[in-house]
Amino acid sequence: MSSYMLAQLQLKYGFANLARYEAAMVTVRELFESQGITLIAGTVTQVGPLYEAFNLWEIEDQGHLERALRAMTFGDPRALEAMGELDATVEHEQTRFLGSLAFAESPTTA
């Protein structure tokens with residue numbers, strides 16, 4: 001069964017902040033994917049609270065994110081710049097660790 005991390009982020013209001021967030025997330029995605037964390041979906045609300053973003057990441061287990069963060073080089077100027085942009089554009093973040101349900105798994109062929 002697969003494991004996932006869902007990040008729900010309330011961005012600061014405005015198109016400029018959304019653009020800055022999207023640009024920073026390109027780097028975050030590259031850094032995470034270099035550690036085996038796969039982005040399944042990155043979305044923003046169309047109806048409802050404005051500038052609310054959701055990112056669904058596929059992970060190995062609940063410890064995967066911590067291992068990945070330790071392995072990443074935060075001395076890397078790209079990582080530092082991306083983290084600074086997220087700090088400037090995200091008002092609130094909430095994460096959830098999710099497991100898939102049996103009916104959602106792809107059937108295996110015998």
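## Aromatic pairs, salt bridges and pockets

Three aromatic pairs turn up in this structure, which is a predicted model. Let's start with those rings, then move on to the charged side chains and the open space.

### Rings that meet

Tyrosine 13 and tyrosine 51 make an edge-to-face pair, because their ring centres lie 5.1 Å apart and their planes stand at 85°, where an angle over 60 degrees counts as edge-to-face. Tyrosine 13 sits in the loop between β1 and α1, and tyrosine 51 in the loop between β2 and β3, so the pair ties together parts that are 38 residues apart in sequence. Are the two partners buried or exposed? Tyrosine 13 is exposed, at 64% relative accessible area, whereas tyrosine 51 is buried, at 9%. Phe15 joins these two tyrosines, and Tyr13, Phe15 and Tyr51 form one aromatic cluster.

Another aromatic pair brings phenylalanine 32 and tryptophan 57 together, again edge-to-face, with 4.9 Å from centre to centre and 70° between the planes. Phenylalanine 32 belongs to helix α1 and tryptophan 57 to strand β3, so this pair ties together parts that are 25 residues apart in sequence. Phenylalanine 32 counts as buried at 10% relative accessibility, and tryptophan 57 is buried as well, at 2%.

### Charged partners

Side chains of opposite charge can pair when their charged atoms come close. The structure holds six salt bridges, and the table shows some of them.

| Salt bridge | Closest N to O distance |
|---|---|
| Glutamate 85 and arginine 20 | 2.8 Å |
| Glutamate 33 and arginine 29 | 3.1 Å |
| Arginine 67 and aspartate 61 | 3.1 Å |

The salt bridge between glutamate 85 and arginine 20 links distant parts of the chain, with glutamate 85 in helix α3 and arginine 20 in helix α1, 65 residues apart. Glutamate 85 is partly exposed, with a relative accessible area of 23%, and arginine 20 counts as partly exposed at 34%.

Glutamate 33 and arginine 29 stay within one element: they are four residues apart in helix α1, so about one helical turn separates them. Glutamate 33 counts as partly exposed at 34% relative accessibility, and arginine 29 does too at 37%.

For the salt bridge of arginine 67 with aspartate 61, the picture extends to a further residue: salt bridges that share partners join Glu60, Asp61 and Arg67 into one network. Arginine 67 is partly exposed at 39% relative accessibility, as is aspartate 61 at 32%.

### Open space

Rolling a probe the size of a water molecule over the atoms shows where empty space is left. The largest pocket holds about 340 Å³ of space. Its lining has 16 residues, and Leu9, Val28, Phe32, Leu86 and Glu93 lie nearest the centre. Two or more lining residues come from each of β1, α1, β3, α2, α3 and β4. By type, twelve lining residues of the largest pocket are nonpolar, two polar and two charged. Phenylalanine 32 thus appears here as well as in the aromatic pair with tryptophan 57.

The second largest pocket holds about 240 Å³. Of its 14 lining residues, Tyr21, Glu22, Met25, Gly42 and Asn55 lie nearest the centre. Which element gives the most to this lining? Helix α1 does, with six residues, while β2 and β3 each supply at least two. The lining of the second largest pocket divides into nine nonpolar, three polar and two charged residues.

Note on methods
Residues numbered from 1 in each chain as written. Predicted model: local features only at pLDDT ≥ 70, side-chain atom pairs only at ≥ 80, totals over all residues. Heavy atoms only, no water. 1 Å grid on protein atoms, 1.4 Å probe; cavity = no way out; pocket = protein on both sides within 12 Å on 5 of 7 lines; lining within 4 Å. Points joined across faces, edges and corners; volume = space filled by probe spheres on them. Nonpolar A, V, L, I, M, F, W, Y, C, P; charged D, E, K, R; others polar. Phe/Tyr/Trp six-rings, centres within 6.5 Å; stacked < 30°, edge-to-face > 60°. Buried < 20%, exposed > 50% of the residue type's maximum accessible area, 1.4 Å probe, protein only. Salt bridge = Lys/Arg side-chain N within 4 Å of Asp/Glu carboxyl O.
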